[in-house]
Amino acid sequence: MSEEARARDNLVATGKSLFDRGLTFGSTGNLSLRLDDGSWLMTPTNASLGALDPARLSKLDPEGRHVGGDAPTKEAFLHVEMYRQRCDARAVVHLHSTHSVAVSVLADIDPADVLPPITAYYVMRVGTLPLVPYYPPGDPALAGAVSALASRHHAVLLANHGPVVAGTSLEAATHATEELEETARLFLLLRGQAIRTLTPDQVAELRRRFG
Ligand SMILES: O=C(O)[C@@H](O)C(=O)COP(=O)(O)O
Ligand SMILES: [Zn+2]
């Protein structure tokens, strides 16, 4: 099986897994994957992640031009910007996962780092999570706003919208997005309670050990 055929099957299986577990809904969310030759496969606009067709996935050439399949997600420019800023990125995941969206709406979160270091796994998979100011979905200005943050952060949270996470593989990007969602859920569960987060020394040690 060719690299591209495997990548198409991987995108379809990942979309179905995320959708079936309620991590995104209706036709929300979009996924992309970079192939060895620098071209991209992306989910089409208005497609349910639960019912993707491998033959209809959108293909973009290395310059970001749509060259095959259905019209790409309206966030294609946002995905391309994440790859531009992160040369090791091989996949980008954007979801409307409920708890992450809920946190993105809170008035009192720190826009420089939205979630506290509650667990080691969160620090290892996500690290710091900046909030990108609100723009309407598909607004090209979103790429500029994300661009400034993406070189330093592989995960960002779009205000009143949802997470965008890059990874060195689709599996890595998906695991990080799921960890972000679970940590957002814990954060909301613990709100109003006195909690112990990891200390700055504990966070620094995790960064030393797990990069
Ligand atoms: O929130 C939106 O409209 C988009 O960011 C989204 O999640 C789904 O849009 P398409 O990928 O264009 O279907
Ligand atoms: Zn969206």
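Analyst: Two residues are in contact if their C-beta atoms, placed from the backbone, lie within 7 Å. This is a predicted model, in which local features need pLDDT of at least 70 and side-chain atom pairs count only at pLDDT 80 or more, while totals for chains, interfaces and linings use all residues. Residues are numbered from 1 along each chain as its sequence is written, with chains lettered from A and ligands numbered from 1 in the order in which they are written.

User: In what order do the 8 strands of the open sheet lie?
Analyst: Strands (E, at least two residues) and helices (H or I, at least four) are DSSP runs numbered from the N terminus, and two strands pair if DSSP finds at least two bridges between them. The pairing in this open sheet is mixed, and its edges are strand 4 (66–68) and strand 6 (131–132), each paired on one side only. The order of the strands is 4-3-2-1-5-8-7-6.

User: Which residue of strand 5 stands opposite leucine 33?
Analyst: Strand 1 (residues 30–34) pairs with strand 5 (residues 91–94) in the antiparallel sense, over 4 bridges. In strand 5, the residue that leucine 33 faces is alanine 91.

User: What angle does the direction of helix 6 make with that of strand 8?
Analyst: Helix 2 (residues 76–85) lies across several strands, including strand 8 (162–167), to which it runs at about 40°. Helix 6 (residues 170–190) also packs on the sheet, touching strands 1, 5, 7 and 8. With axes fitted to C-alpha atoms (for helices, over the stretch in contact) and angles running from 0 to 180 degrees between N-to-C directions, the value for helix 6 and strand 8 is about 145°.

User: Within what arc do the buried residues of helix 3 fall?
Analyst: A residue is buried if 20 or more other C-beta atoms lie within 10 Å of its own, exposed if 12 or fewer, and partly exposed in between, with C-beta atoms placed from the backbone. In helix 3 (residues 98–105) the buried residues are Ser100, Val101, Val103 and Ser104. Seen down the helix axis, and taking directions from that axis to the C-beta atoms, these residues line one face because they fall within an arc of 160°.

User: Which helix do the buried residues of helix 3 pack against?
Analyst: These buried residues pack against strands 6, 7 and 8. The helix that they also pack against is helix 6.

User: Is valine 67 buried or exposed?
Analyst: Valine 67 is found in strand 4, and, not counting residues up to four places away in sequence, touches Lys59, Leu60 and Asp61. Because valine 67 has 12 C-beta neighbours inside 10 Å, this residue counts as exposed.
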